[in-house]
Amino acid sequence: MATAASDHPLLIGGASVETGEWSDVRSPYSGTTVGRIAKGGAAEARSALDAAEHAMREPLPAHERARILDATARLLEGRLEEAAQIISAEAGKPLKAARVEAQRAVSTYTFAAVEARKLGGEMVPMDASPAGAGKLAFTLRLPIGIVGAISPFNFPLNLVAHKIAPALAAGCAVVLKPASTTPLSALFLARLEEEAGLPAGWINVVSGSAGAIGDVLVEDERVKLITFTGSGDVGWGIAERAHRKRVKLELGNATPAIVCSDAPPGTAAKLAANAFSFAGQSCISVQRIFVVHDAWEEFVAEFLPAVQALRVGDPADPDTDVGPVIAESERDRILEWVRTSEGEVLTGGELTADGVIRPTVIARPAPTDRVQCEEVFGPVVTLTGVANLGEAIAGANATRYGLQAAIFSRDLPTCLRAAQELEFGGVTVNEVPTFRADQMPYGGVKASGNTKEGPAWAVREMTEERLVVLQL
Ligand code: NAP
């Protein structure tokens, strides 16, 4: 049977693969079908591994990998609007945020190409010990092997780029399992890589049953590294089962920002503008703001109107700031968390006529409220007054998460103290904690993960060092 234009087969070994079953990809805003994706499972995951194994038998030299990565960046640059439309349609991401994501993916590819060009080993100073006399030693950096990549829905293009571009830079073939809600951005990107000249089998996209595909990636010995971005339950579960592989986890956060009395002017407006982008569905969305008492009145007076001024609604409208969350079940969960908070809802906490959660601000939640101690992953921000910096840092750290945090103050010692004492993988100073540039080392501690992404860091994870010793 001919496939309709909106039907998307899987990509395995360079071939478009149908499976006889299709899953609808729906707009989280309108519920309309934006496309159908072939539904894969264990069998397709195994064929993808066969294809990846076959591809890696003929290694691609570094200059060729770099050329393909650069060419992918250029192709994407020429189709940014198309990419943004796909992201917006399937993820419900406001178009303006989707455009930023597409542009960032160009940057991710460009940095990965640089890494492919400079990937190399190190000389070992053998004459530094008597045992090394008369010897020369160096390391080679070799591709670790097939990479299994599992990606989430919230940055369906750029977080896929952060997995598949460094893997190619390192010389590894990939089997990618994108989020079931947002597989089309991933397929789009994989197709661009092929158009850029990537030979068959180096990138394979298998969407479908998460458990079945995930089990194959965990159990098959040909997969040497799993790179996972998503929720902690799934991620740490994979790490527990795949104990003989490298498992790289990028997980959630309950992102704090500390606002001191000497915060730069405009801090409240800046936080308001950022906290609700993509309806709070970023792992580093501002969720918990700790305001030092002296600053409380002024902060709230500036923050609330800025939140209320955000445009809420259809993500396809280029003026929309805040769109829907990914699914009705998530919407209900978030509203339930708001309802059960002991804090005072200052604004929001309800749906618009078209069913979108209004940006919600809760003052003085109890420390045990789910909106305060869990990751909301929705358009909800809490405000907590604190007596001093020490209390603010203690509050920010009172979470099992540790991805990114922010401090706003014009006092350097205050900022440096926060940078040292906040137990997070990254601390931003006078910048929203949501800030990420794609060359940064980005990743969490505690329950938030165990790795750093950013091409320079990811490429190293995806390689193995081999020592070579020469007797002269
Ligand atoms: P999720 O539900 O954990 O899903 C992530 C991916 O894992 C999806 O592809 C999902 O497939 C797959 N998956 C689910 N069960 C699996 C299993 N048993 N075996 C293998 N794969 C499985 O997370 P999400 O809701 O998409 O994303 C939200 C979470 O990601 C939040 O916690 C957020 O903070 C985190 N996140 C972290 C970062 C970071 O860089 N640290 C960035 C973005 C998001 P299906 O879609 O088919 O279920």
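Buried means under 20% relative accessible area, and exposed means over 50%. The exercises below use this cut-off on a predicted model.

**Exercise 1.** Decide whether cysteine 260 is buried or exposed, and find its surroundings.

*Solution.*
1. Locate the residue: cysteine 260 sits in the loop between strand 13 and helix 9 (267-275).
2. Apply the cut-off: the relative accessible area of cysteine 260 is 8%, so this residue is buried.
3. List the contacts: leaving out residues up to four places away in sequence, cysteine 260 touches Val292, Ala295, Leu389, Ile407, Phe408, Ser409 and Thr414.
4. Check a distance along the chain: phenylalanine 276 is 16 residues from cysteine 260, and their C-alpha atoms are 21 Å apart.

**Exercise 2.** Identify the buried residues of helix 13 (residues 389-397) and what covers them.

*Solution.*
1. Begin at the start of the helix, where a side-chain oxygen of asparagine 388 comes to within 3.2 Å of the backbone nitrogen of glycine 390.
2. The buried residues of helix 13 are Leu389, Ala392, Ile393, Gly395, Ala396 and Asn397.
3. Their cover includes strands 13 (255-259), 14 (286-292), 17 (380-386) and 18 (404-408), along with helix 14 (412-421).

**Exercise 3.** Work out which strands stand at the edges of the open sheet with the order 6-7-20, and why one side of each has no neighbour.

*Solution.*
1. The sheet has three strands, with antiparallel pairing.
2. Strand 6 (123-124) and strand 20 (463-471) are at the edges; each has a single partner strand, so one side of each lacks a neighbour in the sheet.
3. Strand 6 pairs with strand 7 (residues 135-143) over two bridges, in the antiparallel sense.
4. Across this pairing, methionine 123 is opposite phenylalanine 138 in strand 7.

Note on methods
Residues numbered from 1 in each chain as written. Predicted model: local features only at pLDDT ≥ 70, side-chain atom pairs only at ≥ 80, totals over all residues. Heavy atoms only, no water. Pairing = 2+ DSSP bridges. Helix = DSSP H or I, 4+ residues; strand = E, 2+ residues; numbered from the N terminus. Buried < 20%, exposed > 50% of the residue type's maximum accessible area, 1.4 Å probe, protein only. Contact = heavy atoms within 4.5 Å. Polar contact = N/O pair within 3.5 Å; in protein donor to acceptor, adjacent residues only side chain to side chain.
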